[in-house]
Amino acid sequence: MAKAREHFADDGAGHERIRSIDDEVLFKVKVQRWRGAVWTDEDLAWLIAAGQREDGSPDDFYSALETTARAARAHYNANNRQPLSTTTYVGRLLPDQNDRDRYQLEAGARLVRDLAATVRELARGSLHDGHEHAADFPAFRLGILVRADDGHETYAAVRITGSVPDDLIAVILRHVPGCDSTAWYPEYALPSRPLLPAEQAWSTLMDPKAAAELLDED
């Protein structure tokens with residue numbers, strides 16, 4: 001799976017078609033003795049089958065894939081009024097709506113995980129030098145400013161530039177360490193400047209103990 005993901009993420013990489021399958025366009029992916037079949041749908045590459053190379057053996061992955069696909073085609077034609085004109089059928093291996101829903105859920109989980117790690121890293125960096133630290137995401141730019149002065153409360157601000165849905169904003173604010181997720185207030189300016197037209201900002205107080213622990217992290 002890692003090899004397939006790496007190979008099909010490279011737009012310049014060449015892809016070798018599995019010629020024995022003619023009802024769908026499948027591509028080969030190879031790593032050590034493992035072989036796979038990849039089907040592409042728009043920008044997504046799906047690894048739909050995999051096995052090991054066994055040269056000259058009917059158990060060889062590509063030989064077995066062809067044999068199974070020919071049998072599936074025969075079974076399909078025996079049970080459907082409109083027969084397939086191809087010699088193979090791999091439709092049962094293709095992703096269905098459950099697979100697509102699962103992909104969307106996992107993509108959302110990855111985004112939340114990446115956001116949480118980035119938010120923590122930006123907050124830690126800002127704590128160290130008192131300046132805003134920022135990171136770019138595909139649809140927006142995220143900035144975090146944390147200021148902790150001796151004898152004073154720790155101020156935290158989140159700035160977002162770009163179009164972001166409210167539920168994603170809630171995820172970002174919830175993952176700022178040491179801050180009550182219900183205590184964020186909209187801001188109309190940052191400490192050193194007013195907000196630009198495309199910016200949104202919120203501020204709250206960070207728990208000093210959490211700030212100290214954040215500073216101690218490597």
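This briefing walks through how some helices pack, which charged side chains pair up, and where a few single residues sit.

Keep in mind that the model is predicted. Helix H3 is a good place to start, since H3 packs with helix H4 and also comes within 9 Å of helix H5, axis to axis. There are 14 salt bridges in the structure, and a few of them get a closer look below. After that come three residues worth finding by eye: Asp59, Ala156 and Gln32.

**H3 with H4**

- Helix H3 covers residues 97–129 and helix H4 covers residues 166–174, and their axes are 9 Å apart.
- The angle between H3 and H4 is about 45°. Angles from 35 to 65 degrees fall between roughly parallel and roughly perpendicular, so H3 and H4 are oblique to each other.
- If you look at how H3 and H4 cross, the crossing is right-handed.
- On the H3 side, the residues in this contact are Leu111, Val112, Leu115 and Val119. On the H4 side, they meet Leu168, Val171 and Ile172.
- Sorted by type, the residues of this H3–H4 contact come out as seven nonpolar, no polar and no charged.

**H3 with H5**

- Helix H5 spans residues 208–216, and its axis crosses that of H3 at roughly 95°.
- That angle lies in the 65 to 115 degree range, so H3 and H5 are roughly perpendicular to each other.
- H3 brings Arg120, Ala123, Arg124, Leu127 and His128 to this contact, where they meet Ala211, Leu214 and Leu215 of H5.
- The mix here is five nonpolar, one polar and two charged residues.
- Arg120 and Arg124 turn up again in another role: together with Glu121 and Glu217, they are linked in a network of salt bridges.

**Salt bridges to look for**

- Glu16 and Lys28 pair through their side chains, with a distance of 3.3 Å from N to O. Glu16 sits in the loop between helix H1 (2–9) and strand E1 (26–31), while Lys28 is in E1 itself, so this salt bridge ties together parts that are twelve residues apart in sequence.
- How open are these two partners? Glu16 is partly exposed at 42% relative accessibility, and Lys28 is partly exposed too, with a relative accessible area of 21%.
- Glu54 and Arg33 make another salt bridge, at 3.1 Å from N to O. This pair links distant parts of the chain, 21 residues apart: Glu54 is in the loop between strand E3 (44–52) and helix H2 (61–79), and Arg33 is in the loop between E1 and strand E2 (34–41).
- Glu54 counts as partly exposed, at 29% relative accessibility, and Arg33 is partly exposed with a relative accessible area of 41%.
- Arg113 and Asp114 also form a salt bridge, and their closest N and O atoms are 3.9 Å apart. Arg113 is exposed, with a relative accessible area of 54%, whereas Asp114 is partly exposed at 39%.

**Asp59 and Ala156**

- Asp59 is in the loop between E3 and H2, and it counts as exposed, with 59% relative accessibility.
- Which residues does Asp59 contact, leaving aside its neighbours within four places in sequence? They are Gln52, Glu54 and Ala64.
- Try finding Asp59 and Ala74 together: they are 15 residues apart in sequence, and their C-alpha atoms are 20 Å apart in space.
- Ala156 belongs to strand E6, which runs over residues 154–162. Is Ala156 buried or exposed? At 1% relative accessibility, Ala156 counts as buried.
- Leaving out residues up to four places away in sequence, Ala156 touches Leu145, Val146, Cys179, Trp184, Trp202, Ser203, Thr204 and Met206.
- Ala156 and Ala109 are 47 residues apart in sequence and 25 Å apart in space, from C-alpha to C-alpha.

**Gln32, a backbone oddity**

- Most residues other than glycine have a negative phi. Gln32 is not a glycine, yet its phi is positive, at about 55°.
- You can find Gln32 in the loop between E1 and E2. With a relative accessible area of 71%, Gln32 is exposed.

Methods: Residues are numbered from 1 along each chain as its sequence is written. This is a predicted model: local features need pLDDT of at least 70, side-chain atom pairs count only at pLDDT 80 or more; totals for chains, interfaces and linings use all residues. Side-chain values use heavy atoms; hydrogens and water are left out. Axes are lines fitted to C-alpha atoms, for helices over the stretch in contact, and angles run from 0 to 180 degrees between N-to-C directions. Helices (H or I, at least four residues) and strands (E, at least two) are DSSP runs, numbered from the N terminus. Angles under 35 degrees count as roughly parallel, over 145 as roughly antiparallel, 65 to 115 as roughly perpendicular and the rest as oblique. A crossing is left-handed if the near helix is turned anticlockwise from the far one by less than a right angle, and right-handed if clockwise. Contact means heavy atoms within 4.5 Å. Ala, Val, Leu, Ile, Met, Phe, Trp, Tyr, Cys and Pro count as nonpolar, Asp, Glu, Lys and Arg as charged, and the others, Gly among them, as polar. A salt bridge is a side-chain nitrogen of Lys or Arg within 4 Å of a carboxyl oxygen of Asp or Glu. Buried means under 20% relative accessible area, exposed over 50%, partly exposed in between (1.4 Å probe, protein chains only).
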